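Welcome, and please have your viewer ready. This short report walks through one interface and then two individual residues.

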Protein chains: 2
Amino acid sequence: MDEKALADLGGERIDWRFKAMPDTAFGRTVDEFLAQRPTLTGAGFAGPVLVLDDDALEHNLRTMRDWCAEHGVQLAPHGKTTMAPRLFQRQLEHGAWGITAANLGQLRVYRAFGVGRVLFANQLVDPAGLRWLSGELDRDPEFGFSCWVDSVDGVRVMTEALAAAPPSRPVDVVVELGGAGGRTGARSAEAAVEVARAVRQSPVLRLVGVGGYEAAMAHGTDADALAAVDEYLQRLRDLVARLSADGAFDGLDEILVTCGGSAYFDQVAEALTRPWPTALPVTPVLRSGAYITHDDGLYRAVSPFGREHRLAGQEPPFRPAMRLWAQVSSRPEPELALVTMGRRDVSFDQHHPEAQVVRGERGSVREFAAGECRVSKLADQHAFLQLDPRSDVAVGDWVGFGLSHPCTVFDKWSMIPVVAGDRVVDLVRTFF
Amino acid sequence: MDEKALADLGGERIDWRFKAMPDTAFGRTVDEFLAQRPTLTGAGFAGPVLVLDDDALEHNLRTMRDWCAEHGVQLAPHGKTTMAPRLFQRQLEHGAWGITAANLGQLRVYRAFGVGRVLFANQLVDPAGLRWLSGELDRDPEFGFSCWVDSVDGVRVMTEALAAAPPSRPVDVVVELGGAGGRTGARSAEAAVEVARAVRQSPVLRLVGVGGYEAAMAHGTDADALAAVDEYLQRLRDLVARLSADGAFDGLDEILVTCGGSAYFDQVAEALTRPWPTALPVTPVLRSGAYITHDDGLYRAVSPFGREHRLAGQEPPFRPAMRLWAQVSSRPEPELALVTMGRRDVSFDQHHPEAQVVRGERGSVREFAAGECRVSKLADQHAFLQLDPRSDVAVGDWVGFGLSHPCTVFDKWSMIPVVAGDRVVDLVRTFF
């Protein structure tokens with residue numbers, strides 16, 4: 001990555017643009033603020049404030065790095081999850097092969113920070129975007145880029161748009177295999193073969209592999225869902241073999257085969273590392289991105305680690321790294337409190353936040369008793385807490401919440417304190 | 001407002017931080033870009049892109065201004081909806097009395113742009129926030145601020161926190177009346193009277209009125225809902241009268257009575273402008289904020305204007321001002337297309353976006369036929385379009401969507417083009 005661009009983040013001035021930052025830090029740079037060794041509880045952060053736990057981040061980064069190494073897969077974590085260059089840097093330092101992007105806006109952010117290798121997990125058919133890409137490929141010969149193609153039409157649109165501003169080297173693409181009822185991706189091997197053929201006829205594209213997204217084929221983690229994922233992965237393998245037999249990958253040093261969200265990456269790794277016919281030079285690449293923060297909702301439930309380890313009665317290897325603190329502003333009924341947190345601050349597409357701990361006026365933190373407190377509803381700027389009427393939760397208390405689905409949490413925060421215990425050790429900037 | 005701070009927005013450099021902005025504009029300031037008279041379809045915006053229609057904004061601003069004048073109410077539109085200083089400016093130029101805030105982060109943004117009068121529609125019990133407020137009140141004697149109080153406990157917390165950094169003038173508060181099953185607010189007149197008494201005993205607070213939020217009492221627009229709103233408004237009136245009779249407002253030039261979201265403001269205006277006992281000097285203030293953009297979902301359905309006018313067979317007075325353009329990246333099945341728009345780009349808490357128009361490769365725009373196209377699902381970065389299999393929607397086409405609930409649309413965009421026809425006439429910056 002671009003060390004200077006990353007260092008420049010430390011020179012950014014803190015001010016009212018960052019909704020939770022302490023007003024006493026306004027006018028200071030991020031580096032100046034951190035040099036004061038601020039604490040989360042002492043610095044005067046304004047609620048609500050999302051916080052990342054540094055130990056949990058580091059633990060998750062190492063756990064995923066070790067697991068990928070052990071299982072013989074590369075990792076191009078989806079950067080859409082955090083859109084935080086500082087976290088991309090940590091992922092790359094922990095051995096990530098590249099970073100995955102969903103769209104042009106994300107790709108431009110990655111390139112502003114010098115991410116060297118990007119998987120673009122969509123068909124890029126925007127003429128303005130392709131023109132920009134063409135310039136970027138020429139500007140930096142080291143920039144490794146490949147995007148999805150899933151239709152002959154898409155190949156045509158890309159080819160025509162690139163012809164208007166052709167790059168000096170071809171744009172690498174992987175043909176995407178989907179399935180009926182899924183998301184993008186050619187619906188059959190036959191259709192995928194047609195797309196591959198169209199790519200090989202394009203003067204500006206180069207076919208470098210096969211991609212897919214197994215989580216579009218299944219929901220949940222019951223036996224049927226896991227079987228549907230396995231069946232899809234077998235189709236993906238068959239497609240790789242068939243295209244190879246057709247000579248579609250002739251002349252390549254490596255064939256990129258990529259799949260893997262955060263729910264089934266164990267099955268993906270297993271499927272993509274089984275021996276390939278005629279020792280094809282396959283580079284298997286996972287794109288799981290949520291592992292870095294894990295969560296207290298969706299991924300706690302569906303992460304294969306969580307499932308495996310729960311079944312074995314063990315502690316799951318990933319740790320939740322996100323916590324949001326919000327203040328009780330009202331307790332108008334014995335069974336109801338309102339806190340300063342809403343749909344603008346936390347995800348709500350999978351689960352409501354989970355009330356975990358409360359910090360009272362005297363500063364002591366305690367866990368909620370079972371059944372004492374849960375979020376029953378979110379408004380734009382308020383959360384409704386359903387309380388046991390005997391609970392002593394009071395106006396002015398701070399409640400700490402676990403969150404579900406990091407992707408729709410991070411996009412609500414542009415500067416996020418990272419803490420080691422109570423000490424603020426970093427401020428992570430996101431770009432959404 | 002602060003003219004310099006507003007003008008400085010025009011000096012902001014456009015770059016990769018703004019996800020939809022054309023890369024050809026990178027490095028230019030907002031003013032420089034606008035001086036080139038760019039067009040939406042020609043400038044190379046990257047999809048997805050949210051666009052505001054200038055005529056619709058202006059029309060809505062005037063309609064609401066005229067309606068408030070005609071009905072004898074003031075308007076402090078909730079700024080949380082857009083968090084866009086340029087739009088606050090337009091609201092204030094159209095006669096708004098002040099701007100409403102939900103939390104400290106929002107208030108700090110308002111003050112950075114010199115908003116002179118703020119209703120803080122929550123009980124502010126954060127000691128760091130109160131310390132900052134105290135300084136802000138002292139720094140600017142013209143700054144008009146009032147916040148909610150709804151409990152004796154809250155009054156105590158505020159009083160103790162302010163005592164640590166007392167402002168040279170009292171902090172104005174309005175006692176909030178709620179209702180069983182509602183949101184914040186004292187649950188009974190008796191409880192509210194207790195709170196008012198506590199305020200009058202506080203050396204740092206001054207009671208200036210009564211507030212509430214009628215939409216916490218009702219859902220939808222059936223007769224029961226409308227009756228529940230009316231009943232609540234009567235309780236609010238009764239509380240004003242009772243507090244006045246108790247002498248709670250003695251010595252005030254005006255009594256602030258504020259209510260009104262975007263669903264029932266007709267009833268609120270009617271209730272707050274009926275004659276008051278003994279000609280109390282009541283200033284009735286609505287807080288409706290969504291009118292500025294209106295929408296194609298929630299507020300189309302619940303806006304009293306929409307309801308009234310639909311009943312009378314007339315065109316509703318507010319016009320939807322938001323449209324989001326996203327590109328078709330895949331059409332893997334005859335009945336399915338995927339577009340480059342997801343939960344990161346549009347609201348999904350009330351309704352899915354409504355596919356309205358399509359722009360094909362040749363640039364012509366047509367409306368969808370009835371039943372041709374609808375959004376069936378949103379992922380983080382994709383929308384699933386359910387299509388009539390005969391539809392000619394193709395990879396590369398751009399689809400224009402109407403959106404629901406502006407509050408959860410704006411917070412996904414930091415720079416939003418405003419268009420007059422195809423011409424980009426402004427870039428609205430938001431601060432979330």
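Leaving aside its neighbours within four places in sequence, which residues is Arg287(B) in contact with? In this predicted model, the contacts of Arg287(B) come from several stretches of chain B, so to speak a list worth clicking through: Ala76(B), Pro77(B), His78(B), Thr100(B), Leu119(B), Ala121(B), Trp148(B), Gly212(B), Tyr213(B), Thr258(B), Cys259(B) and Gly260(B).Arg287(B) itself is found in the loop that runs between strand S9 (282-286) and helix H11 (298-302) of chain B. Does it sit buried or exposed? Arg287(B) is buried, yet it has no salt bridge. Glu214(B) is the nearest side chain of opposite charge, at 5.7 Å. That distance lies beyond the 4 Å within which a salt bridge is counted. A polar atom of the Arg287(B) side chain does lie 2.8 Å from the backbone oxygen of Gly212(B), and Gly212(B) is also on the contact list above.

Now to the place where the two chains meet. Chain A and chain B each bring 80 residues to the contact. Between them, about 5800 Å² of area is buried, with carbon and sulfur atoms giving 51% of it. On the chain A side, Trp16(A), Arg108(A) and Arg344(A) lose the most area to chain B, and together they make up 13% of what that side buries.

How many salt bridges are there between chain A and chain B? The count is 10. One salt bridge pairs Arg187(A) with Glu333(B), whose closest N and O atoms are 2.6 Å apart. Polar contacts across the interface link 36 residue pairs, with both residues at pLDDT 80 or more. The elements giving two or more residues to the chain A side are helix H5 (104-112), helix H6 (127-139), helix H7 (152-163), strand S10 (322-333), strand S11 (336-339) and helix H13 (407-410) of chain A.

By class, the side of chain A that touches chain B looks like this:

| Residue class | Number on the chain A side |
|---|---|
| Nonpolar | 32 residues |
| Polar | 27 residues |
| Charged | 21 residues |

Finally, a look at Ala165(B), which has its place in the loop between helix H7 (152-163) and strand S6 (171-177) of chain B. Why does Ala165(B) count as partly exposed? Its relative accessibility is 23%, and partly exposed covers the range between 20% and 50%. Not counting residues up to four places away in sequence, Ala165(B) touches Arg131(B) and Ser134(B). If you would like a distance to check in your viewer, take Ala165(B) and Pro281(B): they are 116 residues apart along the chain, and their C-alpha atoms are separated by 32 Å.

Definitions and conventions
Residues are numbered from 1 along each chain as its sequence is written. Chains are lettered from A and ligands numbered from 1 in the order in which they are written. This is a predicted model: local features need pLDDT of at least 70, side-chain atom pairs count only at pLDDT 80 or more; totals for chains, interfaces and linings use all residues. Side-chain values use heavy atoms; hydrogens and water are left out. Contact means heavy atoms within 4.5 Å. Buried area is the accessible area (1.4 Å probe) that two parts lose on being put together, summed over both. A polar contact is a pair of N or O atoms within 3.5 Å; within protein, one must be able to donate a hydrogen and the other to accept it, and residues adjacent in sequence count only if both atoms are side-chain atoms. Helices (H or I, at least four residues) and strands (E, at least two) are DSSP runs, numbered from the N terminus. Ala, Val, Leu, Ile, Met, Phe, Trp, Tyr, Cys and Pro count as nonpolar, Asp, Glu, Lys and Arg as charged, and the others, Gly among them, as polar. Buried means under 20% relative accessible area, exposed over 50%, partly exposed in between (1.4 Å probe, protein chains only). Lys and Arg count as positive and Asp and Glu as negative; His and the chain ends are not counted.
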